[in-house]
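Good morning, and thank you for coming. I shall speak about salt bridges and helix packing, and I ask you to keep the structure in view.

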Amino acid sequence: MNVSVPMKEAVFKESTVSVDGHCVSMRIGGAGIPIVLFHSLLADESSFDRIAGSLAQTHQVILLSLPGFGASDRVDGGLEAVADRVAGAVKKMALTKAPIFLGNGYGGFIALSMAIRHRGIAGRLVLADSGAAFSEPGRAAFRGMSAAAKEKGLGAIADVAMRRLFSPAYQAANPELIEERRKRFIAVDPQTFHGACNALAELDLRRDLASVTMPVLVLVGEHDEATPPPMSQELAAGLPNAELQILPGCAHVPQLQEPQRFMDAIRPFIA
């Protein structure tokens with residue numbers, strides 16, 4: 001496809017690759033070291049729009065729609081199958097340099113799983129509001145959201161999803177953005193959502209962290225309810241070559257809430 005989408009001063013073009021006959025869609029813009037952006041379960045690739053233009057001034061930016069989002073075909077089989085599908089897409093791109101992976105939330109778990117399962121696929125990782133395993137209350141929250149959505153639809157848990165993404169004060173101050181994010185959440189493929197909830201409720205990557213020797217920047221919003229700071233602290237402690245930053249005042253999607261603060265945090269690491 002050749003549809004151009006202006007984003008700040010950069011131009012992003014929609015593209016697709018086929019992995020074993022399945023479509024993976026993305027938008028690509030800018031030039032330089034490739035950086036692939038993986039979005040949260042409760043969002044989509046547009047959750048990076050506020051930083052994509054800035055990133056494209058120095059990097060080739062790839063805003064990837066994870067399987068089951070946008071025009072990307074759904075994949076069954078849990079987190080490992082999703083990671084393998086996305087890894088196949090990255091390999092099909094034939095990038096000239098080892099990319100940086102930047103994952104937010106669910107996208108962070110995918111990026112980390114790819115680094116574990118496909119050695120050398122990335123040069124470094126930025127894992128924002130992610131982790132290696134959830135607490136029992138965290139696992140129960142995913143099971144509860146999935147059960148409620150199966151009974152009443154995604155619209156019934158939209159308020160819960162927004163609360164996991166943004167603090168109440170931020171929601172009150174930004175009603176238009178919250179309404180946009182709510183609409184995008186409700187549009188998520190239900191089977192993808194349920195499969196991801198089940199996978200995250202069982203997730204435990206802690207035993208594999210020692211194998212991820214590349215540089216990793218771990219970020220977390222101070223007020224993140226979805227993946228609280230102790231998860232990122234545990235993640236950074238388990239990785240051999242990681243640094244941790246806690247972003248004051250932010251919740252689960254700091255690149256949406258505080259894009260300049262987010263860019264200030266990652267810029268030295270991705271340069």
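I begin with a network of salt bridges that links Asp44, Glu180, Arg181 and Arg184. A salt bridge here is a side-chain nitrogen of Lys or Arg within 4 Å of a carboxyl oxygen of Asp or Glu. By this rule the count comes to 16 salt bridges. Before going further, I note that this is a predicted model, in which local features need pLDDT of at least 70 and side-chain atom pairs count only at pLDDT 80 or more, while totals for chains, interfaces and linings use all residues. Residues are numbered from 1 along each chain as its sequence is written, and side-chain values use heavy atoms, with hydrogens and water left out.

Within the network, Asp44 and Arg181 meet through their side chains at 3.0 Å, N to O. Asp44 lies in the loop between β4 (33–38) and α1 (49–55) and Arg181 in helix α7, so this pair ties together parts that are 137 residues apart in sequence. Helices and strands are DSSP runs, numbered from the N terminus: H or I of at least four residues for helices, E of at least two for strands. Are these two partners, Asp44 and Arg181, buried or exposed? Both are buried, that is, under 20% relative accessible area with a 1.4 Å probe and protein chains only; exposed means over 50%, and partly exposed lies in between.

Helix α7 also takes part in a second salt bridge, in which the side chains of Asp159 and Arg182 meet at 2.5 Å, N to O. Asp159 is in helix α5 and Arg182 in helix α7, 23 residues apart.

That brings me to the packing of these two helices. Helix α5 (residues 158–165) and helix α7 (residues 175–186) pack at an angle of about 120°, with their axes 10 Å apart. Axes are lines fitted to C-alpha atoms over the stretch in contact, and angles run from 0 to 180 degrees between N-to-C directions. This makes α5 oblique to α7; angles under 35 degrees count as roughly parallel, over 145 as roughly antiparallel, 65 to 115 as roughly perpendicular and the rest as oblique. In α5, Ala158, Asp159, Ala161 and Met162 meet Ile178, Arg181, Arg182, Phe185 and Ile186 of α7, where contact means heavy atoms within 4.5 Å.

For a second helix pair, α4 (residues 136–152) and α8 (residues 190–202) pack at about 160°, with axes 8 Å apart. These two helices are therefore roughly antiparallel to each other.
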